Amino acid sequence: MSEPDHVGRIIVQWRTERPDLDMSPLGVIGRLHRLADRLDSELRVVFAEAGLTDGDFDVLASLRRSGAPYELTPGELGATTMITSGAVTKRVDRLVAAGYVERNVCADDARSRRIGLTDEGFRLVDALVVQHVANERRLLSGFSDRERSQLARLLEAWGRALDEAGTP
């Protein structure tokens, strides 16, 4: 039998110290935490090579996938990204300074602004999304297509169950 991984060693220790507790949830949650940290660092490399953070990429990707004219309000950006609404302004300011996005006056409300991709931002995000998806494919290369689909379905079901239970 192979040696247990990091989480497996922790479970063995807890089973010795607290045999009255079922430590099986740690096998899932602990491994997911470790994987999330690892994936985060592996994914950030692609963005860092372009001088971006993962939050910067998330803003550019949200604008790109929103379709022409590739504009969203700050509120819409906050709702469609994986960054907090408080971070949207900071990211947009940085992306404006880099020339990747611009603030445009809303046609129906001159007090409001829409954030839009510039041509340079459009080219950058289109190139980066290709690299990003290739990187994700590399990270999942140990799984078959069927296993990837099963894992995606399980994670989606778990996320929905937590959402329904009111867990943030």
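**Entry 1: the second largest pocket**

I looked up which helices build the second largest pocket, and in this predicted model helix 2, helix 3 (54-65) and helix 6 each supply at least two residues of its lining. Helix 3 gives the largest share of that lining, namely 6 residues. I then noted the volume of the second largest pocket, which is about 340 Å³. Its lining is made up of 16 residues, and those closest to the centre are F47, D54, F57, D58 and M82. Sorting the lining of the second largest pocket by class, I wrote down 7 nonpolar, 2 polar and 7 charged residues.

**Entry 2: the largest pocket**

I turned next to the largest pocket, which holds about 880 Å³ of space. I found that 19 residues line the largest pocket, and that L32, L35, L39, L151 and L155 are the ones nearest its centre. Two or more residues of this lining come from each of helix 2 (24-49), helix 6 and helix 7 (145-164). The largest share is that of helix 2, which contributes 9 residues to the lining of the largest pocket. By class I recorded 14 nonpolar and 5 charged residues in the lining of the largest pocket, with no polar residue there.

**Entry 3: helix 6**

Helix 6 gives at least two residues to the lining of the second largest pocket, and helix 6 is also listed among the elements that give two or more residues to the lining of the largest pocket, so I looked at this helix in its own right. I checked its length first: at 1.5 Å a residue its 21 residues should span 30 Å, and the C-alpha atoms at its ends are 30 Å apart, which agrees. Which residues of helix 6 are buried? They are G121, L124, V125, L128, H132 and N135. These residues lie on the same side of helix 6, because they cover an arc of only 90° around the axis. On the face turned away from that buried side I found the exposed residues D119, R123, V130 and R137.

**Entry 4: two residues of helix 6**

I picked out N135, which has its place in helix 6 (residues 119-139). N135 has a relative accessibility of 9%, and N135 therefore counts as buried, the cut-off for buried being under 20%. Setting aside residues up to four places away in sequence, I saw that N135 touches E42, L43 and V46.

I then looked at E120, which also lies in helix 6. Is E120 buried or partly exposed? With a relative accessible area of 40%, E120 is partly exposed. Apart from neighbours within four places in sequence, E120 is in contact with A98, G99 and Y100. I also noted that E120 and V101 are 19 residues apart along the chain, while their C-alpha atoms are separated by 8.4 Å.

**Entry 5: helix 5**

The contacts of E120 include A98 and G99, which led me to helix 5 (residues 85-98) and to G99, the residue that follows this helix. The 14 residues of helix 5 should span 20 Å at 1.5 Å a residue, and I found its end C-alpha atoms 20 Å apart, which agrees. I listed the buried residues of helix 5 as A87, V88, R91, V92 and L95. They are on the same side of helix 5, because the arc that they cover around the axis is only 135°. G86, K90 and A97 are exposed on the other side of helix 5. For G99, which comes after helix 5, I recorded a positive phi, near 85°.

**Entry 6: helix 7**

I made the length check for helix 7 as well, where 20 residues at 1.5 Å a residue should span 28 Å and the end C-alpha atoms are 28 Å apart, which agrees. The residue that I looked up after helix 7 is G166, whose phi is positive, near 85°.

**Entry 7: R114 in strand 3**

Last I looked at a strand residue, R114, whose place is in strand 3 (residues 109-117). R114 has a relative accessible area of 23% and is therefore partly exposed. What does R114 touch, not counting residues up to four places away in sequence? I wrote down E71, L72, T73, E76, E102, R103, N104 and C106. For N104 I also noted the spacing: R114 and N104 are 10 residues apart in sequence and 5.1 Å apart in space, taken C-alpha to C-alpha.

Technical notes: Residues numbered from 1 in each chain as written. Predicted model: local features only at pLDDT ≥ 70, side-chain atom pairs only at ≥ 80, totals over all residues. Heavy atoms only, no water. Helix = DSSP H or I, 4+ residues; strand = E, 2+ residues; numbered from the N terminus. Buried < 20%, exposed > 50% of the residue type's maximum accessible area, 1.4 Å probe, protein only. Contact = heavy atoms within 4.5 Å. 1 Å grid on protein atoms, 1.4 Å probe; cavity = no way out; pocket = protein on both sides within 12 Å on 5 of 7 lines; lining within 4 Å. Points joined across faces, edges and corners; volume = space filled by probe spheres on them. Nonpolar A, V, L, I, M, F, W, Y, C, P; charged D, E, K, R; others polar. Expected span 1.5 Å × (residues − 1). Arc of directions from axis to C-beta.
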